[in-house]
Amino acid sequence: MTTEPVEGDACDQEAASQRQRHKLAATGVLVVIVFTGAWIRALHLDERPLWVDEAESSINALTILQHGFPTDAYLGIPIYENTHVWPWPENSEYEFRDVSYSENHLAVYHGWLPLYAIAASFALHGIQPDQDDGSRSTKHSLTEQKHRTAAARIPSVLFAAVFLGLAFLGGNVLYGREAGWAALITAAYYPFHTSLSDQARYYSAQVTLTTACCILLWLLIRECRWKHVWLGGIAFVLLFHTHLLSFFTAVVMTAFCMPVIIHRHKDWLRKMLLFASIITAGTLPWIILTGFYQHQSRIPRAWSLLRIPADLPHYPPFNMWYAIPGLVIVIIALRAYLSRRRLVPDASIAAVRLFPVLLFLGGWTLVGYAAFLLFMPAVSFTKDRLSLSYWGPLFLLASTMSVVLVRIFTPRVSTRLCPILASLLMLLIFLSTGHSLAIAHTPGSGEWRVYTDIYQQLDSMHLTSTTKLYAAPNSHLVLSFYSGVPIQDITPVRKSYLDSYRGEIVYIEPEVSVETGILDPARVREAALRDGVVLSQDALEQTAIRLRTYAYRQSMMDAVAPVGPAGLEPLPAYARELLAAQRAQVSTHFANFGYELVTRGFEVRDWSDWCAVLKYRFVDPRARRGTHANFAERLRGADAMIVARSGTAAIYRSRWHPPHSTGSLSFRFVR
């Protein structure tokens, strides 16, 4: 006996088959977008050298390969990366210990997870720590330096790829499929996130894990399944070992959400006890073993330097560029929610579903913002870092609100087109808040040449193992990482040690001028022609270099030999006018620089001044600058050169001389 197939069963099978095809197609598109986003971030990883903070993380990672954990010394010298506040009276060479490390000599200022990720990348790429063998010659070629650079940055790209998947998941979990696709599409190309994702720092991991904790906390509120408890606990632990302030934000948000969890779930107690136990087990041993709890009181916080409320408009989200568009969007969304009964069904549903998401993600943003203001160390307080502890949740909120706005204004739009329109809306908002896409990638070959020029000069000196190499902070980290030679920050070194050391000392300042464009050769030529002066090409380039370094050379001469002749060349009228314009522009540059809060109240004329204030901000910079600088006596009579082939770097070679001996500085130019 045979049974004829029922027509309904065939329809169900066809529908199931069609759903499966759609699911496979959607998965394929998801994978393509994630890989494309990762590919965009992986382009040009070695085109620019590491900047100072990246070099810091990379050196910390190399100490992991040496010892199994990040320590406070590399190449036989202490690592310095922070402002000086911790005296070291028992050490005859160094006046300060670095506050980034505990008394147990372990890194505690930054989380360890990103450092271990970089260390793993180094190991996989065959990069090993350098050893101080007494040689003062560069150990790595330019090709090897670029290889090290790419290896250090790859973990951030991988964290970014995970974030793209989380953006899709978060949009789906918090609001729905349209918000998930909108978040994924936008995140793949979003300029701010791409800029975070190609740096050898904790930023990419911080944003990724903050987003993961946010999504899992929402799932705990909504469903509170055992798998959410386990995954949430693990994510919180990983965030703790990535960025403490972001972890603190997540914990505070969890505390705020506890009444809702208790109200919605009868078995909340067992699950929340397990959640807390996982977090405690994953964090408390580290806190005890590293000595972290004894160390935090030494770190100066930014709060003491802020002027509230006067400073709030200087930083997002109260900055005008952010506040006005954000306020307009919130007003539209709330207005739609309040008038939801008059909207078409799809738009009404969208407005209703937005409200709890707005409350949750908006609350996370406010908590993260308040935590940054209250607890961020002063030396790390910058506009770029302010939003990192809440940027992921805020991005999900922006994606969701964009979908809602599209639904309100175009209620008949298809499900497939809605995420694309929402992504375009987010792009429009991004551009309207004063940002630029910056699609054109600026080559970094000039920066590589600057370091190459410095290393060539050092190698040509044929220095011995008794030579002490110093550099302006924190360029010493970059120079050490790429050269494999111990190059120390000069600011924590005792003046008495420098004055009494009988061997040679070499001091390097990789940046001695602020590039404003005013002293570019073309501008110099125009100014000279207005005064009736015609310069040959060689004379023009030489004049531009001398003008760019004029203020720096003058300040160094005044510091090293204040009673001696200045020795600087006389300037024609057009040059004096250009220098006056340069000084005004430099003053504006440092007043609006990312670290403005730390240098506020101090005159900053160049990078040398900026470094001194940054390092001595809490131990009286005025008593350690100019003629009071620890190097002032030692550099008297040094062989001083300005290396101006690719940039403008200064190198000093000082042989020992009796204290208070006569002498000045006479710069020679190497082109």
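Helices here are DSSP runs of H or I with at least four residues, numbered from the N terminus. With that settled, I can start on the notebook. I am working from a predicted model.

**Entry 1: what follows α7**
I looked just past the end of α7 and found Cys224, which has a positive phi, near 55°.

**Entry 2: α7 itself**
I checked the length of α7, which runs over residues 203-222. Its 20 residues should span 28 Å at 1.5 Å a residue, and I get 29 Å between the end C-alpha atoms, which agrees. Then I asked myself how many of the residues of α7 are buried. The count is 19 of the 20, so the rest of the structure largely encloses this helix. My cut-off for buried is under 20% relative accessible area.

**Entry 3: α5**
I ran the length check on α5, residues 177-189. For 13 residues at 1.5 Å each the expected span is 18 Å, and the end C-alpha atoms sit 19 Å apart, which agrees. I also looked at its cover: α5 is mostly covered, with 10 of its 13 residues buried. Among the buried ones I noted Trp181, Leu184 and Thr186. Glu178 is on the buried list too, as are Gly180 and several alanines, including Ala182, Ala183, Ala187 and Ala188.

**Entry 4: Gln457**
I picked Gln457, which belongs to helix α17, residues 445-460. Is Gln457 buried or exposed? Its relative accessible area is 10%, and the cut-off is under 20%, so Gln457 counts as buried. Next I wanted to know which residues it is in contact with, leaving aside neighbours within four places in sequence. I wrote down Met641, Val643, Arg645, Ile651 and Val670.

**Entry 5: the whole protein**
I stepped back and counted 24 helices and 10 strands. The radius of gyration comes out at 29 Å, close to the 26 Å that the globule rule gives for 671 residues, so I put the protein down as being as compact as a globular protein of that length. Along the principal axes, the C-alpha atoms fill a box of roughly 110 × 65 × 55 Å.

I then looked up burial for the whole protein: 55% of the 671 residues count as buried. For contacts with a separation of 6 or more, 75% come from residues 24 or more positions apart.

**Entry 6: surface and charge**
I have the accessible surface at about 29800 Å², and carbon and sulfur atoms account for 62% of that. For charge, I tallied 60 positive and 52 negative side chains. The centres of those two sets lie 6 Å apart.

How values were computed. Residues numbered from 1 in each chain as written. Predicted model: local features only at pLDDT ≥ 70, side-chain atom pairs only at ≥ 80, totals over all residues. Heavy atoms only, no water. Helix = DSSP H or I, 4+ residues; strand = E, 2+ residues; numbered from the N terminus. Expected span 1.5 Å × (residues − 1). Buried < 20%, exposed > 50% of the residue type's maximum accessible area, 1.4 Å probe, protein only. Rg over C-alpha atoms; globule rule 2.2 N^0.38 Å. Contact = heavy atoms within 4.5 Å. Areas by Shrake-Rupley, 256 points an atom, 1.4 Å probe, with all protein chains shown as cover. Lys, Arg positive; Asp, Glu negative; His and termini not counted. Charge placed at Lys NZ, Arg CZ, Asp CG, Glu CD.
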